[in-house]
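Me: Please take a close look at one part of this model, the place where the two chains meet. I would like the contacts first and then whatever backbone details deserve a check.

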Amino acid sequence: MAAHYDVIVIGGGHNGLVTAAYLARAGKKVLVLEKRHLVGGASVTEELYPGFKFTVFSYVVSLLRPDIVRELELPKHGLTILPLESTLTPLPDGRYLYRGADHWETLRNIATFSERDAGAYDDYSRSMYFMAKAVKYILGIRPPDPTSYRPRELWGLVEMARHFLALPEEQLWLLARLMTMSAADFVEQWFESEPLKATLSASGIIGTFLGPRSPGTAYVLLHHYMGEIDGAFRAWGFARGGTGGIAEAIARSAQAHGAEIRCDSPVAEVILKNGRAVGVALENGDTFHANVVASSLDPRLTFLKLLDPAQLPGELVESIRSFNTRGSSGKVNLALDALPELVAPPGPGRHLAGSISFSPSVDYLERAYDDAKYGDFSRQPYVDVIIPSVIDPGMAPPGKHVMSCFVQYAPYELREGTWEEKREAFGDAVVDALSTVMPNLKDIILHRQVLTPLDIEEMIGISQGNIFHGELSLSQLFFLRPAPGYADYRTPVPGYYQCGSGTHPGGGIMGAPGKLAALEILKDN
Amino acid sequence: MAEQIDVLVIGAGHNGLTAAAVLARGGFRVTVLEARDVLGGAAATEAVFPGYRVNTGAETASLLQDEVVRALFLKMYGLELRDSPVALFAPQPDGTALTLWQDVERSAAEIARLSARDAARYPAFAAEVQTMTGALQSMMLLAPPDLTALDPGALAGWGKVGWKVRRLGDREMMAFMRILPMPVRDYLDDWFESEPLKAALGADGVTGMMLGPRGGGTALQFLYQQLGGLNRYCTVAGGMGALSEALAAAARAAGADVRCRAPVARILVEEGRAVGVQLEGGAVIRARAVVSSADPRRTLFGLVGPTELEPRFMRRVRNILYRGSTAKAHFALSGLPHFAGQESAEQLGGRIRICPSLDYLERAYDDAKYGRISENLYLDATIPSLDDPSLAPPGYHLLSVTVRYTPYRLREGNWEEQREPLGDRVLATLARYAPGIEQLVVDRHVLTPLDYEQHYGLTEGSIFHGQMGLDQMLVMRPVPGWSRYRTPIANLYLCGAGAHPGGGVTGAPGYNAAREVARDLKASAR
């Protein structure tokens with residue numbers, strides 16, 4: 001007879017681990033089951049080639065909630081965030097837009113493209129700061145159910161209305177526009193120069209299968225501004241040791257309170273008894289029993305794979321089936337023999353320690369989307385590059401480097417051919433695009449790993465490789481995430497909970513779904 | 001001493017006339033000032049070719065609010081609405097065609113030729129659309145509630161909307177909130193598999209929008225277009241202009257003075273209050289309230305001027321997205337065209353829609369996104385003379401084609417030189433589905449987005465006075481914070497399609513605005 005647990009968490013991604021850590025701290029006996037050989041899910045660091053450590057999937061951090069960092073004592077368990085202070089937008093013609101820690105320098109650089117934009121930049125930054133502050137409230141609450149007449153739900157709605165209606169009028173309206181506009185239209189309210197507009201609106205397309213001119217992307221832009229590091233909004237950072245360092249710190253925090261973590265333990269199904277979740281069965285047939293089972297997998301897997309859909313309400317099954325999980329992003333990880341040379345600015349320097357955005361114009365991004373919407377990968381893709389080994393020298397052997405390239409768009413389903421046939425052509429398109437601003441790139445590549453949405457699905461399980469477990473569109477947020485009536489982390493099966501990015505408030509290394517789910521589980525148990 | 005006027009209405013479009021008629025019936029002395037020599041604005045019927053009566057703007061009155069028709073006794077003043085049994089005839093490149101009827105069963109039977117599954121789902125789809133449009137309809141004739149003022153009146157407004165949506169039922173209420181921000185493509189994908197069907201329906205979602213069917217919010221526009229009923233096609237006997245004539249007759253009967261050829265040069269503002277207008281001839285007319293049915297930018301920038309406006313408000317007006325992308329081409333035909341897949345002339349009684357797939361529509365948008373006229377145009381053609389022979393000389397027919405996408409801002413060339421090539425392209429596109437149609441053409445007339453701006457006063461040629469995206473609806477229409485028909489200038493009101501609920505021949509903005517104006521005038525008289 002196997003040991004009996006209070007809670008089994010399916011999936012050792014960062015959200016699963018956060019749930020486990022909170023529950024362990026509350027005195028629960030917790031077991032985390034991870035299918036891979038290491039914890040982290042999309043938040044892992046792997047030494048793919050000897051000496052070269054890669055943030056294979058997710059690569060930067062900002063959204064991780066400060067309350068979680070504090071409450072789980074993550075710094076004590078080894079989390080160190082190194083600042084990622086600048087964004088460089090190099091252009092193939094040798095011009096570049098560098099925005100860094102020195103505010104006046106940033107404004108001067110913007111002014112070389114447009115005086116007007118430099119004048120508007122502070123107003124934009126301030127507006128986004130207030131927007132991020134305004135929605136921060138939402139990140140800490142369980143979405144109320146607007147169809148319910150229960151006092152708790154009604155009160156939740158009233159509280160929320162009060163929060164937003166208390167905002168100054170300008171902010172309220174800006175927020176309303178942010179929720180509904182396209183990223184490009186939104187930033188065009190301030191700016192006119194292409195590299196700036198494109199680089200800002202690129203945050204609005206990350207993880208979505210939408211172009212910068214598609215309504216709804218302004219919200220995704222905000223989602224990426226909600227990050228806070230040490231209380232500073234919009235600060236991005238790199239975890240020492242890569243994003244795996246975050247998962248490991250959370251795992252250690254959980255283990256310090258008695259949580260048990262088992263890797264190489266893929267769960268096949270949730271075991272039900274009298275309609276209640278009582279445990280899980282692994283693919284190898286092993287079973288584990290618990291009072292509560294929480295799934296950090298995406299909604300499709302949580303409901304349709306781990307359970308038998310026939311036992312769920314038809315409406316829920318329908319909602320989950322139409323839940324949009326179109327994957328749109330790929331990743332190219334490069335091991336480099338030397339630092340890449342940029343056309344401009346030349347030579348090594350602090351600009352290589354920030355992010356390098358290949359986003360020359362809004363039309364460029366939009367055309368990249370055009371390719372993808374008809375079922376091809378972007379021939380000229382949007383690429384967001386960081387060179388972790390510049391920030392954290394431990395990531396590569398001395399003198400060598402690793403480069404992380406986040407790429408859009410790569411549709412999960414190709415109209416012609418298979419990803420198996422096209423993977424390397426996709427990798428070539430990325431390297432070709434980057435070579436226009438990094439002329440020596442092709443000469444210094446030692447190894448290359450190309451990840452398509454299909455690879456992401458196969459390696460870490462996320463349906464269709466959608467990095468947010470489901471698009472962050474207005475139709476799939478808040479009390480609609482992942483399905484109407486099931487946004488409270490519960491499921492129709494008593495004892496079975498959801499705690500992944502497919503729940504409110506969504507994806508990114510934020511931890512909020514994991515924490516909010518843990519709080520709901522504790523309320524019920 | 002000039003006569004004493006209570007209300008000046010700028011523009012005799014259907015919304016301006018509606019506001020004028022409502023206010024005149026309410027006992028106010030109303031004068032309507034129209035720049036052109038015909039009534040109706042974009043709801044007009046004009047003799048662009050001798051012997052023909054052409055709807056130069058809107059073609060259908062499907063969205064016209066019953067309450068407006070009833071309250072103004074429009075039928076008594078000559079309005080005759082004609083519901084066509086056929087809504088849509090969509091010829092396909094393979095020579096077949098899909099016909100959708102107002103009757104659900106009849107449409108389902110047609111759909112069954114394409115997909116048995118879709119045919120079986122169509123009645124449930126029609127029911128859902130009816131539920132959703134019912135919720136939308138409940139907001140049509142309300143002034144949007146004031147979000148920032150938490151006074152009892154504003155809360156009651158919200159409560160009313162909330163209650164209407166709530167009454168839909170739990171499932172329907174959630175569906176309503178989920179569907180509104182969706183792309184129409186995703187919405188239809190949830191229901192159907194047949195591409196011709198999805199394209200024929202989905203094209204409604206891009207009406208007046210510079211967005212493709214993958215654009216968020218196009219599901220809302222699709223539903224808006226079904227407000228009168230799913231696949232309803234309703235015209236006005238004698239042309240759209242006859243509606244405007246009926247509205248003008250109702251206004252005049254109540255004592256309003258409706259003047260054509262009276263272009264307003266500016267709105268006179270004294271101490272932050274609108275006190276009247278100056279006509280282009282120099283004449284000044286003063287009134288207690290000025291109600292403009294011109295679009296917000298034209299009204300506030302063109303007629304008021306930025307010096308009277310506070311910069312933050314001005315910025316909101318400047319940020320309204322107009323993005324006209326619609327043109328029209330009118331053809332005088334010596335006979336009735338015959339389309340591939342057509343079995344009877346009856347099928348041509350509604351819209352003839354050239355939009356074979358949603359990808360076709362998306363690619364048409366792609367061109368426009370980069371400032372080009374769509375290589376392959378999406379066309380909605382009508383032959384109004386089929387049902388109403390008075391619109392063309394005996395034996396001849398009138399073909400009116402609504403053309404998308406034709407972006408107002410062309411990256412290369414200009415609309416002056418593109419006008420006739422566009423006409424050629426429209427005809428060539430039609431000829432692919434109606435071989436020989438070129439030989440029937442005896443005359444033609446093309447209206448570009450620039451023409452709509454210059455001659456009809458529509459900023460950037462936007463047929464809705466501002467795109468009806470989610471960011472410009474309800475409390476955010478025409479600009480956030482000013483959705484209750486008032487402006488920061490006291491006594492100046494907006495009553496056109498730029499105000500809630502938006503475009504289309506509904507009469508709703510004019511009707512709602514008139515109510516607010518009357519309320520304020522009565523309050524100030526006390």
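Reply: What follows covers the interface, then the fold of one chain, then some backbone details.

The model is predicted, and side-chain atom pairs count only at pLDDT 80 or more. At the interface, 41 residues of chain A are in contact with 39 residues of chain B. Putting the two chains together buries about 3800 Å², and carbon and sulfur atoms give 52% of that area.

The charged contacts come next. Between chain A and chain B the count is 13 salt bridges. One of them pairs the side chains of Asp123(A) and Arg315(B), at 3.8 Å from N to O. For polar contacts, the rule finds 22 residue pairs across the interface of chain A and chain B. On the chain A side, at least two residues each come from α5 (151-165), α6 (169-180), α7 (183-188), α12 (314-322) and α13 (362-373). Of the side of chain A that touches chain B, α6(A) gives the most, with 7 residues. By residue type, this side of chain A divides into 17 charged, 16 nonpolar and 8 polar.

As for the partner, chain B has 18 helices and 18 strands. Its radius of gyration is 22 Å, close to the 24 Å that the globule rule gives for 526 residues, so chain B is as compact as a globular protein of that length. The C-alpha trace of chain B spans about 70 × 55 × 50 Å along its principal axes. Of the 526 residues in chain B, 64% are buried. Taking contacts in chain B between residues at least 6 apart in sequence, 73% join residues at least 24 apart.

The backbone details remain. Most peptide bonds are trans, and most residues other than glycine have a negative phi. In chain A, the bond joining Gln408(A) and Tyr409(A) is cis, with omega about 10°. Tyr409(A) sits in the loop between β18 (401-408) and α15 (419-435) of chain A. Another cis peptide bond runs from Arg481(A) to Pro482(A), with omega near -5°. Pro482(A) belongs to the loop between α17 (453-460) and β20 (496-498) of chain A.

In chain B, Arg323(B) has a positive phi near 55° and is not a glycine. Arg323(B) lies in the loop between α12 (311-318) and β13 (327-333) of chain B, and counts as partly exposed because its relative accessibility is 24%. His465(B), also not a glycine, has a positive phi of about 60°. The loop that holds His465(B) runs between α17 (449-456) and β18 (492-494) of chain B. At 13% relative accessibility, under the 20% limit, His465(B) counts as buried.

How values were computed. Residues are numbered from 1 along each chain as its sequence is written. Chains are lettered from A and ligands numbered from 1 in the order in which they are written. Side-chain values use heavy atoms; hydrogens and water are left out. Contact means heavy atoms within 4.5 Å. Buried area is the accessible area (1.4 Å probe) that two parts lose on being put together, summed over both. A salt bridge is a side-chain nitrogen of Lys or Arg within 4 Å of a carboxyl oxygen of Asp or Glu. A polar contact is a pair of N or O atoms within 3.5 Å; within protein, one must be able to donate a hydrogen and the other to accept it, and residues adjacent in sequence count only if both atoms are side-chain atoms. Helices (H or I, at least four residues) and strands (E, at least two) are DSSP runs, numbered from the N terminus. Ala, Val, Leu, Ile, Met, Phe, Trp, Tyr, Cys and Pro count as nonpolar, Asp, Glu, Lys and Arg as charged, and the others, Gly among them, as polar. The radius of gyration is taken over C-alpha atoms; the globule rule is 2.2 Å times the number of residues to the power 0.38. Buried means under 20% relative accessible area, exposed over 50%, partly exposed in between (1.4 Å probe, protein chains only).
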